[in-house]
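Welcome! Here are a few exercises to work through with the structure open beside you. Try each task before you read its solution.

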Amino acid sequence: MGAKAKKGLKKKLKKSSELVISRRDEGADYLPLEGGPRRKLPKEEVAVKDTATVLYIGRIPHGFYEDQMEGFFKQFGKVKRLRVARNKKTGKSKHFGFIEFESPEVAKIVADCMHNYLLFEHMLQVHLIPPDRVHPKLWKGVNRNYKPPDWTNIERKRLNKPRTVEEQQHLVEGILKRNRKRQRKIELAGIDYECPDVVGGSQPVPKKIKFDEEE
């Protein structure tokens with residue numbers, strides 16, 4: 001290979017290496033002072049705003065409710081508001097809730113200290129919620145003590161409501177059907193037992209007659 005061919009080959013290699021470096025350094029942030037290829041600055045993780053005061057608390061154990069949570073977390077700082085998510089029908093805890101502190105510094109300390117904290121065999125999950133992600137209805141009714149419905153009284157009223165003749169017949173037919181099924185199970189089990197007859201049949205329950213008091 002001649003001298004001219006060697007020079008041409010070196011120029012081609014130099015151009016190809018410069019092209020690779022330029023493609024690699026596209027979008028690089030700065031050139032080091034000591035030379036060398038350009039480098040990108042490490043991307044910083046988008047941190048939660050320092051103004052966040054609301055915390056999400058997950059995996060709340062049974063028995064750790066509003067009063068217990070307030071008594072526990074007020075050791076870090078003043079608790080502004082607190083809410084435990086509950087079932088609308090039964091009033092039982094859904095094992096997660098939200099707490100708001102007056103100071104964002106206190107909220108950050110609580111998030112750092114209490115995340116993955118073992119409490120009654122439950123690993124608490126505590127995370128800061130940015131102010132722009134706090135739902136506007138999050139604290140709706142937080143100051144009212146939740147009182148679950150009295151389902152016993154509701155069911156009593158449902159059973160004692162006045163019925164029409166058709167409704168009463170349908171009710172009695174259901175009772176007789178379940179009674180026949182129960183009798184068949186007893187016979188198949190080989191038990192000698194005579195089930196009492198269901199009083200009422202298809203006749204509606206008579207209404208109570210009110211008599212006027214004698215003067």
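## Exercise 1: A phenylalanine in a loop

Task: Leaving aside neighbours within four places in sequence, find the residues that Phe 76 is in contact with, and decide how exposed Phe 76 is.

Solution: Keep in mind throughout that you are looking at a predicted model.

- Step 1. With those sequence neighbours set aside, Phe 76 is in contact with Val 106, Ile 109, Val 110, Cys 113 and Met 114.
- Step 2. Now place the residue: Phe 76 sits in the loop between helix H2 (66-73) and strand E2 (79-86).
- Step 3. The relative accessibility of Phe 76 is 26%. Buried would need a value under 20% and exposed one over 50%, so Phe 76 counts as partly exposed.
- Step 4. For one more distance, go to Phe 101, which is 25 residues away from Phe 76 along the chain. Their C-alpha atoms are separated by 9.3 Å.

## Exercise 2: A serine at the start of a strand

Task: Is Ser 93 buried or exposed, and which backbone atom lies 3.0 Å from a polar atom of its side chain?

Solution:

- Step 1. Find Ser 93 in strand E3, which covers residues 93-101.
- Step 2. Its relative accessible area is 13%. The limit for buried is under 20%, so Ser 93 is buried.
- Step 3. Beyond four places in sequence, Ser 93 is in contact with Tyr 65, Val 84, Ala 85 and Arg 86.
- Step 4. The backbone atom we want is the nitrogen of His 95, 3.0 Å from a polar atom of the Ser 93 side chain.

## Exercise 3: Pairs of opposite charge

Task: How many salt bridges does the structure hold? Look at three of them, and say where the partners lie.

Solution: Side chains of opposite charge can pair when their charged atoms come close. The structure holds five salt bridges.

- Step 1. Arg 86 and Glu 66 form one of them, with 2.9 Å from N to O. This pair links distant parts of the chain, since Arg 86 is in strand E2 and Glu 66 in helix H2, 20 residues apart. Arg 86, at 23% relative accessibility, is partly exposed, and Glu 66, at 26%, is partly exposed too.
- Step 2. Glu 102 and Lys 78 form another, at 3.8 Å from N to O. Here Glu 102 is in the loop between E3 and helix H3 (104-114), while Lys 78 is in the loop between H2 and E2, 24 residues apart. Glu 102 is partly exposed at 49%, whereas Lys 78 is exposed at 58%.
- Step 3. Asp 112 pairs with Lys 108, their closest N and O atoms being 3.4 Å apart. Both lie in helix H3, four residues apart, or about one turn of the helix. An α-helix has 3.6 residues a turn, so residues three or four places apart point the same way.

## Exercise 4: Helix H5

Task: What distance does helix H5 reach from its first C-alpha to its last, and which of its residues are buried?

Solution:

- Step 1. H5 covers residues 165-188, 24 in number, and reaches 35 Å, close to the expected 34 Å.
- Step 2. Gln 168, Val 172, Asn 179 and Ile 186 are buried in H5.
- Step 3. Ile 175 also belongs to H5, but is partly exposed, with a relative accessible area of 35%. Together with Leu 171 and Val 198, Ile 175 makes a nonpolar surface patch of about 190 Å².
- Step 4. After H5 comes Gly 190, with a positive phi near 75°.

Conventions
Residues are numbered from 1 along each chain as its sequence is written. This is a predicted model: local features need pLDDT of at least 70, side-chain atom pairs count only at pLDDT 80 or more; totals for chains, interfaces and linings use all residues. Side-chain values use heavy atoms; hydrogens and water are left out. Helices (H or I, at least four residues) and strands (E, at least two) are DSSP runs, numbered from the N terminus. Buried means under 20% relative accessible area, exposed over 50%, partly exposed in between (1.4 Å probe, protein chains only). A polar contact is a pair of N or O atoms within 3.5 Å; within protein, one must be able to donate a hydrogen and the other to accept it, and residues adjacent in sequence count only if both atoms are side-chain atoms. Contact means heavy atoms within 4.5 Å. The expected span of a helix is 1.5 Å times one less than its number of residues. Patches are made of residues with over 30% relative accessible area and no salt bridge: like charges are joined within 9 Å, nonpolar side chains (Val, Leu, Ile, Met, Phe, Trp, Tyr) within 5 Å. Accessible areas come from the Shrake-Rupley method with a 1.4 Å probe; for residues, only the protein chains shown count as cover. A salt bridge is a side-chain nitrogen of Lys or Arg within 4 Å of a carboxyl oxygen of Asp or Glu.
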